[in-house]
Structures are given as C-alpha cells and as structure tokens.
Amino acid sequence: MLHKLKNYLGDASEDIHFSEPTKKNLVADDPIDIERRDKVKEAMLHAWTSYERYAWGQDELQVFRHNKYVPYFSCQPQTKNGIDSFGGLGATIVDSLDTLYIMGLDDQFQKAKEWVAKSLDFNKDYEASVFETTIRVAGGLLSAYDLSEDKVFLEKAKEIVDRLLPAWDSPSGIPYNRINLAHGNPHNPSWTGRNSILADSGTEQLEFIALSQRTGDSKYQQKAENVITQLQKTFPSDGLLPIYINPDTGGSSYSAITFGAMGDSFYEYLIKAWIQGNKTESVKHYREMWETSMQGLVSLVRKTTPSSFSYICEKNGDSLSHKMDELACFVPGMLALGSFGYDSENSEKFLSLAKELAWTCYNFYQSTPTKLAGENYYFHDGQDMNVGTSWNILRPETVESLMYLWRFTGNKTYQEWGWNIFQAFEKNSRIDSGYVGLKDVNTGVKDNTMQSFFLAETLKYLYLLFSPPSFISFDEWVFNTEAHPLRIVPRHHQRETIR
C-alpha cells in the first residue's frame, strides 16, 4: 500500500502550475479519489440520517449521555434531540441543501426541499444574528436555487432577507448585527459597546448581490455595497480594520485587528465580490481594497522557532499578539484564490505564503494527540505552537484551504492532508448518532453538538477535495463563507448607478 501511495503521489514537492484557477478536465478522476469521495459521502449520509431521525426540523442535533463519565461507544443510554440554536429555522436542513445536491443524495434533497416549501417559517419571535442568518439560511437557499433552479428556494431567500433588511437602516448604513425576525427592532449587543462587528457587517455582499441579480430588485445590492462605500471613506493605508465599527458614523472604533473571529470574512468577501462581479471595472475597488489588506496581512506574519511555521498575529494598537485562530485558516485558500489577479512576481509571493500558512494549519491538527485542531494557538520562542482554547467543533477552514490549494496547484499532498484530517474526524468525532466535536483535543473528551456547518462546509469541502476541479468549477461558481456555491452571472448594475 505504501508503494501504491508513493506512485499515486509522485513527487509531492512539485506543483502542477495552472495558468487559470481551473482548467476543465485537466485532472482525471483517480480511483483513490473516487474511493475517498465515497467515504466522505457516506459520512454525510450518516450525519444527515442521524439529524433526520432525532432532530428533524430543528436547527441542530445534540446528543447527551446520561452518565458523562461513560464513553459514547458504551451501552450507556443517550438522549438525542434537536435544539433551536438559530431560532428554529431548520438550520441543518437549509445549510445542507447544496451538499445533498452536490453529492447526488437525491432522495434526501427532495425531502429537504419539501420541508423548505411546506414548513420553513421565518415569523419567529427570535433575536437573530444578521450575519449567521445571511450566510447559512439566505446563502443556503440561494445556492440550492442556483443548483436546482427550483424557485421555491429563491422565494424563501427573498423572504428571509426582507426580514433582515431593516438592520441596514442605521445613520451610516453599516448594519446592526441583531434583529428580531418577527418584529424587527435591529440593534447591536451590549457586549460590543453597541458597535457593529466588522465580519458581521461586511459579509453579506455575495448573498445580497446574488439576490438582486436573481430577482431584478437592486435594493439588496444597494444596501450591501453601501457598506463597502462607507468603509472606503476611512480605509487605512495598511487595509487592516479593527473589529468594531460605529454604526452611527461608519468609522472604526478602537479594537483588535484580526484575521480570526470577528474580522475574518470581511477580507474574504472583498476578493470574492470581485470574482462574483466577473473582475470588471465596476468591482475593481473590491480587488484594490483586498490587495491593500493583503499587504497589511503580510506585516502581521511571523515565523516560529525552531520549525519556522508561518502564522498571522493579531494586533491591538501598536502591539502584536502571537495568537492565531483556526478560523484564520481560511486565509491560505483566500490567498490562493486571489493570487491569480497579480503579476507573476506577486502571484508567486502570495501563493507561496498560502502554502506556508496551510502547512501551519495542517500542523494545528497534527500537533495534538487526537490529530484534530484546537480553537486557537499561541506561539512562543523555541516552542513553535501551543494549543490555547482546546475544543474542536468540527470547523472547516483548514480543509477549505486544502481544497483551494489542491485545485490551484495540482499537488496531491493537500489531498493527503485532507484525508488525514477526515480520518481524525472519523476516529474521534463519529458516534452512532452522528458526529460531535471535542471538548478537548488533548484528551479526546467529546462535546454533544453536531454543528450545521459540519454538513454545510467541512464535508462538502472534503468531498470537493477528492473531486475533479471541473466539478463546481471556480470559473463558474464562487463560495460564500458558509461554503454555499453561488453561480457567477453577468453583473448588470454598474457601481456608479447604485444609489
């Protein structure tokens, strides 16, 4: 088997350099890829069937042991039920629609579609996160529409976004981050000092632009793009924005700068909005802002000793914090995606940085006894990396980046890393009633929740990692931050006509 694997991998140090992000039919469907893809599909079916059996119609599946000291695999009775962590919107169903479709799980997709058509009700007296509802619910519905062309998904996407839209009615147009789905009343939580959060406010562009394109109603695009217009007015020279924004003025409030929690997807959507807009003149400002931010990112990169792992610091004022969230492991994929818009010198520079950061993120997994990554890591001289917050909640960011790098380089090493991560999930997180995270990646003690993004993102990215690059091609699709692919279509509204 080792000889077979070596023959399959070839020289892992050599990349196949593609002149464009995806060349159709360039990579043949390898038998090992097919076998691994089928294993991921089986994992999705196991997760979905468990949700369907124990939590149907609720947001997420939870599993409780009656005795927390008894292992999951024992005969100790378990309580399996659903929880409404997103207000009772059937988040796992909506988040999983496109994964089911992409994997060819047709019966499951049809049942999910029927639930959306007949049972999905947004009239909930619930304080919803505008960000989470947009990326999971609106994004999931729009992707299901683009894949299946069934208008029920578009109608539901419009309905939920219409309920979110009053959140943009602030003095500056920077959205408030919470809203009651039944009564409105947009506001920000007290723990942010009533500020809006950067990622929560700058991660609706793809979904809202897509909705305007598909409905012909420009109001959604106008609201989302006005946010970028406001941020441009005071955009810093290094392109690094603090995580808090004043919704009254549109200016930044003194706070941390990070590519992890609360900052991350703002930067991701700058490059993806440029791609969604067909890289035309009307979206050139997105690319320019992103390139500025990437120069700022480079200023935050440091290397560990003794192993020279590259990592991204966080910043408070003039001080650097040598801490990196696993959430920031989306960055290698983002850099690879954006590297093709540079000249050859800068393209190679940022693709090289993407590879270095991906190696670090992979070692977030490999450095623990369970081979699953903790939530964040700290870096100290002579110690390389140490787990900070030690839980793992089935996050997708590292396998997301591995999928991008595999597609852009053709280097099968990234597939091997992804397969190792998948096997660690199978060993540590799979139980008879689905998948759960770990409370501690050092001890392997399990938590009790199957996050909807495990089905929406983690398993989808793993499936695509072992699929030909022509399948859901980057030439035709752009992924939102919840891994929901949106079809790239001609952009009808030029920026200067949006008011």
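How many bridges pair strand S14 with S15, and in which sense? Four is the count to remember: S14, residues 376–380, and S15 pair in the antiparallel sense over 4 bridges. One caution before I go on. This is a predicted model.

Let me place that pair in its sheet. The sheet is open and has 3 strands. The order is S13-S14-S15, and the pairing is antiparallel. S13 covers 323–325 and S15 covers 384–387, and both stand at the edges. Each has a single partner strand, so one side of each is left without a neighbour in the sheet. From one strand to the next, the twist averages 30 degrees.

Now the individual partners. Tyrosine 378 has asparagine 386 in S15 as its bridge partner. For phenylalanine 379, the bridge partner in S15 is methionine 385. S14 and S15 form a hairpin, with 3 residues between the strands. Glycine 382 in that hairpin takes a positive phi near 80 degrees. On to S13. S13 and S14 run antiparallel and are joined by 3 bridges. Here aspartate 325 stands opposite asparagine 376 in S14.

Next, the largest pocket. Its volume is about 740 Å³. It is lined by 33 residues. Which of them are closest to the centre? Phe131, Glu132, Asp200, Met262 and Leu327. By class, the lining splits into 16 nonpolar, 6 polar and 11 charged residues.

Several elements give two or more residues to that lining. There is one strand in the list, S3, at 127–129. The helices are H5 (130–148), H7 (198–201), H10 (264–276), H14 (397–409) and H16 (452–465). Which element gives the largest share? H5, with 5 residues.

Stay with H5, as it also packs on another helix. Its partner is H8, residues 205–215. The angle is about 40 degrees, and the axes are 10 Å apart. The crossing of H5 past H8 is left-handed. From H5, the contact uses Thr134, Ile135, Gly139, Leu142, Tyr145 and Asp146. From H8, those residues meet Glu207, Phe208, Ala210, Leu211 and Arg214. Sorted by class, this contact has 6 nonpolar, 2 polar and 3 charged residues.

A second helix pair. H2, residues 31–54, packs with H15, residues 413–428. The angle is about 30 degrees, and the axes are 12 Å apart. H2 also passes H15 in a left-handed crossing. H2 brings Asp33, Arg36, Lys39, Val40 and Ala43 to the contact. H15 brings Gln415, Glu416, Trp419, Phe422 and Glu426. The division for H2 with H15 is 4 nonpolar, 1 polar and 5 charged.

Last topic: backbone geometry. Most residues other than glycine have a negative phi, and most peptide bonds are trans. Here are some exceptions in this model.

Where is the cis peptide bond that involves proline 306? It joins threonine 305 and proline 306, with omega at about 5 degrees. Proline 306 is in the loop between strand S9 (301–303) and strand S10 (310–312).

Then two positive phi values outside glycine. Arginine 194 has phi near 70 degrees. Its loop runs between strand S5 (184–187) and strand S6 (196–197). Lysine 279 is not a glycine either, and its phi is positive at about 60 degrees. Lysine 279 sits in the loop between H10 and helix H11 (284–300). H10, remember, is among the helices that give two or more residues to the pocket lining.

To recap. S13, S14 and S15 make an open antiparallel sheet. H5 gives the largest share of the lining of the largest pocket, and H5 packs against H8 at about 40 degrees. H2 and H15 pack at about 30 degrees. And a cis bond precedes proline 306, joining it to threonine 305. That's it from me.

Terms used
Residues are numbered from 1 along each chain as its sequence is written. This is a predicted model: local features need pLDDT of at least 70, side-chain atom pairs count only at pLDDT 80 or more; totals for chains, interfaces and linings use all residues. Side-chain values use heavy atoms; hydrogens and water are left out. Two strands pair if DSSP finds at least two bridges between them. Axes are lines fitted to C-alpha atoms, for helices over the stretch in contact, and angles run from 0 to 180 degrees between N-to-C directions. On a 1 Å grid over the protein atoms alone, a cavity is a set of points where a 1.4 Å probe fits but cannot get out, and a pocket is an open set with protein on both sides within 12 Å along at least five of seven lines; lining residues have an atom within 4 Å of a point. Grid points are joined across faces, edges and corners, and a volume is the space filled by probe spheres set on the points. Ala, Val, Leu, Ile, Met, Phe, Trp, Tyr, Cys and Pro count as nonpolar, Asp, Glu, Lys and Arg as charged, and the others, Gly among them, as polar. A crossing is left-handed if the near helix is turned anticlockwise from the far one by less than a right angle, and right-handed if clockwise. Contact means heavy atoms within 4.5 Å.
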